[in-house]
Amino acid sequence: MLYQLAVQNVESEIDFVDDEYKRLRGRRAAKLREDFCGTANTACEWVRRRPGNVAVGLDLDGPTLEWGRVHNVGVLTPAQQKRVSLLQRDVLTPGREGSGVDVVLAMNFSYWIFQQRAVMLDYFRSVRASLATGGVFFLDHYGGPESMEETRDEREIVPDEGAF
């Protein structure tokens, strides 16, 4: 929960994905895969956007996925819940359920877990193979001289009651 409140801004992220996909492809994306999805906060935001949107989330960590099922998927409407699939699975092998997607997201530098170039290349190839025709892979990257500067942001984080 604190990670979601302190680090993620899924509304802004999905605004960007929606706008850029439409700019690039001239239409709205419908099927999204969130790699390294953790609590599936982004996948849930995706299905809230439009009734035709579906999301698949992949992550290795079972307890984190379960937390997301309860606290994020669980607060969606029943119709929205049916359009979210969370799979405890390696992103290198997304399977049939994780293929044929319009969008793959690897956000918050999660793909940096791949320390060997060959494994990173395997991941990128896997993503490409799983995209539908015209699909787009979105990932974030952080760098430049500002990335070496120490900064401190202060803001109040007030979690919902019962979130922990």
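Is Cys44 buried or exposed? At 1% relative accessibility, Cys44 is buried. The legends below describe close-up views of a predicted model.

**View 1. Overall fold of the chain.** The chain contains six helices and five strands. Along the sequence these elements are arranged as α-α-β-α-β-α-α-β-β-α-β. The chain has 164 residues, and 40% of them are buried. Numbering in every view starts from 1 and follows the sequence as written.

**View 2. Cys37 and Cys44, two cysteines without a bond.** No disulfide turns up anywhere in the structure, the search giving zero. For Cys37, the closest cysteine sulfur belongs to Cys44 and lies 9.0 Å away, which is too far for a bond. The relation also holds from the other side: the cysteine sulfur closest to that of Cys44 is in Cys37, at 9.0 Å. A disulfide would need the two sulfur atoms within 2.5 Å. Cys37 is buried, with a relative accessibility of 4%, and Cys44 is buried as well, at 1%. A disulfide is a covalent bond that joins the sulfur atoms of two cysteines.

**View 3. Helix H3 and its covered residues.** Helix H3 spans residues 41-49 and is mostly covered, with seven of its nine residues buried. Those buried residues are Asn41, Thr42, Ala43, Cys44, Glu45, Trp46 and Val47. Ala43 belongs to helix H3 and has a relative accessible area of 0%, so Ala43 counts as buried. Ala43 and Arg83 are separated by 40 residues in sequence, while their C-alpha atoms are 9.5 Å apart in space. Trp46, one of the buried residues of H3, has Arg50 over the face of its ring, at 5.5 Å from the ring centre.

**View 4. The loop leading into H3.** Two residues with positive phi are shown here, Phe36 and Ala40. Phe36 is in the loop between strand E1 (31-35) and H3. The phi angle of Phe36 is near 55°, a positive value in a residue that is not glycine. Phe36 is partly exposed, at 22% relative accessible area. Ala40 also sits in the loop between E1 and H3. Its phi is positive too, at about 65°, and Ala40 is not a glycine. Ala40 has a relative accessible area of 0% and is buried.

**View 5. Phe16 against Phe138.** The count of aromatic pairs in the model is five. In one of them, the ring centres of Phe16 and Phe138 are 6.0 Å apart and the ring planes meet at 80°, so the pair is edge-to-face. Phe16 is in helix H2 (residues 10-25) and Phe138 is in strand E5 (residues 131-139), so the pair ties together parts that lie 122 residues apart in sequence. Phe16 is partly exposed, with 46% relative accessibility. Phe138, by contrast, is buried, at 8% relative accessible area.

**View 6. Tyr123 beside Phe124, and their aromatic cluster.** The rings of Tyr123 and Phe124 have centres 5.9 Å apart and planes at 40°, so this pair is tilted. Tyr123 is buried, with a relative accessible area of 0%. Phe124 is partly exposed, at 33%. Both residues belong to one aromatic cluster, made up of Phe36, Tyr123, Phe124 and Phe137. The cluster thus includes Phe36, the loop residue of View 4 that lies between E1 and H3.

**View 7. A nonpolar patch at the surface.** Which residues make the nonpolar surface patch of about 220 Å²? The patch is made by Leu121, Phe124 and Leu139. Phe124 lies in helix H6, which covers residues 117-130. With a relative accessible area of 33%, Phe124 is partly exposed. Phe124 is therefore a member of the surface patch and, as in View 6, of the aromatic cluster with Phe36, Tyr123 and Phe137.

Terms used: This is a predicted model: local features need pLDDT of at least 70, side-chain atom pairs count only at pLDDT 80 or more; totals for chains, interfaces and linings use all residues. Side-chain values use heavy atoms; hydrogens and water are left out. Buried means under 20% relative accessible area, exposed over 50%, partly exposed in between (1.4 Å probe, protein chains only). Patches are made of residues with over 30% relative accessible area and no salt bridge: like charges are joined within 9 Å, nonpolar side chains (Val, Leu, Ile, Met, Phe, Trp, Tyr) within 5 Å. Accessible areas come from the Shrake-Rupley method with a 1.4 Å probe; for residues, only the protein chains shown count as cover. A salt bridge is a side-chain nitrogen of Lys or Arg within 4 Å of a carboxyl oxygen of Asp or Glu. Helices (H or I, at least four residues) and strands (E, at least two) are DSSP runs, numbered from the N terminus. Rings of Phe, Tyr and Trp (its six-membered ring) pair if their centres lie within 6.5 Å; planes under 30 degrees apart count as stacked, over 60 as edge-to-face and the rest as tilted. A charge sits over a ring if NZ of Lys or CZ of Arg is within 6 Å of the ring centre and within 35 degrees of the ring normal.
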